[in-house]
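Please open the model in your viewer and keep the selection tool at hand. The stops below say what to select next and what is to be found there.

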Amino acid sequence: MDRRSLLKNLGLGALIGAIPGSRILAANTSDIIKPKKRVLRFAHLTDVHLEPEMHAPEGLAKCLHHIQAQKDAPSFIMNTGDCIMDALKQPKDRVEVQWNLWHGLMKSDNSLPIEYCIGNHDCWGAGQTTDLLYGKKYALEMMHLEKPYRSFDRAGWHFIVLDSIQPKKDGVWYTCKLDDEQFDWLQKDLEANTRLPVAIFSHVPVVSAATVVVDNKFKEDVGYELGLGSMHTDSARLVALFDEHPNVKLCMSGHIHLYEQIQYNGVTYISNGAVSGNWWKGKRYRTDNGYAMVNLYEDGTFDNEYIPYGWTV
């Protein structure tokens, strides 16, 4: 009997079982290879930098429509900050214009729930410090958040949303790190959640390669100088903490407007590109204006697909 006839008469599982030394006693291939079970699918948006100018409202609307037209639909949007063009250096009335535009588009062009993470440009840094909305308070109110960092469980995964943006010692915004109170909270949160796989979200990358090599940061006789606003200045501290918790699987961010994936010490660090691209002036280097679709699986694995939505200047 030839091989094709044997497969037809016995079936693949019986053939494998007939091979000398084989330990597989499966009746069919579905018993041999079980597909991963996806438990959650969401869209990752970052760095929209919405303003009335530069056709930004049309760009954001097109992105939202592109997401919602996906045949394999996401269940929510994870937004990692810089929703508006800028509040750091703008008077309050200009900040109000930008946020009003944001909420108007979310009402008219989006039907998906949104989870927010604060970005540096979301924080109001100009104006009188006596205003109750000064600093992060304005962004928290606009994002309907009680605190700038939090955690929650969803579909068998533990989500941690961090606040990357801190005032510098001179009181001027901003530097990129966790303050001591937040770091202590993060330690306790990870210690209390050892069973579920963990996904961490921050506006600024915890670990980044792209931010090192762009924008001429190399200086002769000095080396690379990243400054305080490129990536987390407390990266070593955070990586050491993640080393103690092998269920930390994924860290996602934006800020640099570039798409990159880095795997280091068992954790994958993903920065997805910006909805605004190069601040609505085209693509940022080789990263198109876009968003990502993220799948989380029951076994603690994941995949991330960066999707340009077709925006052109």
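A polar contact is a pair of N or O atoms within 3.5 Å; within protein, one of them must be able to donate a hydrogen and the other to accept it, and residues adjacent in sequence count only if both atoms are side-chain atoms. This is a predicted model, in which local features need pLDDT of at least 70 and side-chain atom pairs count only at pLDDT 80 or more, while totals for chains, interfaces and linings use all residues. Residues are numbered from 1 along each chain as its sequence is written, and side-chain values use heavy atoms, with hydrogens and water left out.

**Stop one: Ser202**

Select Ser202, whose side chain reaches the backbone oxygen of Val204 at 2.8 Å. Ser202 is found in the loop between strand S8 (198-201) and helix H7 (210-213); helices (H or I, at least four residues) and strands (E, at least two) are DSSP runs, numbered from the N terminus. Is Ser202 buried or exposed? With a relative accessible area of 2%, Ser202 is buried, where buried means under 20% relative accessible area, exposed means over 50%, and partly exposed lies in between (1.4 Å probe, protein chains only). If you leave aside its neighbours within four places in sequence, the residues in contact with Ser202 (heavy atoms within 4.5 Å) include Cys117, Ser164, His232 and Met252.

**Stop two: strand S5**

Now select strand S5 (residues 157-161), of which five of the five residues are buried, so the strand is largely enclosed by the rest of the structure. Both faces of S5 are covered, with Trp157, Phe159 and Val161 buried on one side and His158 and Ile160 buried on the other. Add S4 to the selection: S4 and S5 run antiparallel and are joined by five bridges, and two strands pair if DSSP finds at least two bridges between them. These two strands form a hairpin with two residues between them, and Ala155 in the turn has a positive phi of about 55 degrees. Then add S8, which runs parallel to S5 and is joined to S5 by four bridges; here Val161 stands opposite Phe201 in S8.

**Stop three: charged pairs**

Return to S4 and select Arg154, which stands opposite Trp157 in S5. The side chains of Arg154 and Glu115 meet in a salt bridge (3.0 Å, N to O), a salt bridge being a side-chain nitrogen of Lys or Arg within 4 Å of a carboxyl oxygen of Asp or Glu. Glu115 counts as buried at 17% relative accessibility, whereas Arg154 is partly exposed at 27%.

Next select Arg41 and Asp72, which form a salt bridge whose closest N and O atoms are 3.6 Å apart. This pair links distant parts of the chain, with Arg41 in strand S1 (residues 38-45) and Asp72 in the loop between helix H3 (56-68) and strand S2 (77-79), 31 residues apart. Arg41 is buried, with a relative accessible area of 10%, while Asp72 counts as partly exposed at 33%. Add Arg38 as well, and you will have a network of salt bridges that links Arg38, Arg41 and Asp72.

**Last stop: a surface patch**

Finally, select Val213, Phe218 and Tyr224, which form a nonpolar patch on the surface with about 340 Å² of accessible area together. Patches are made of residues with over 30% relative accessible area and no salt bridge, like charges being joined within 9 Å and nonpolar side chains (Val, Leu, Ile, Met, Phe, Trp, Tyr) within 5 Å. Accessible areas come from the Shrake-Rupley method with a 1.4 Å probe, and for residues only the protein chains shown count as cover. Val213 is found in helix H7 and is exposed, with a relative accessible area of 60%.
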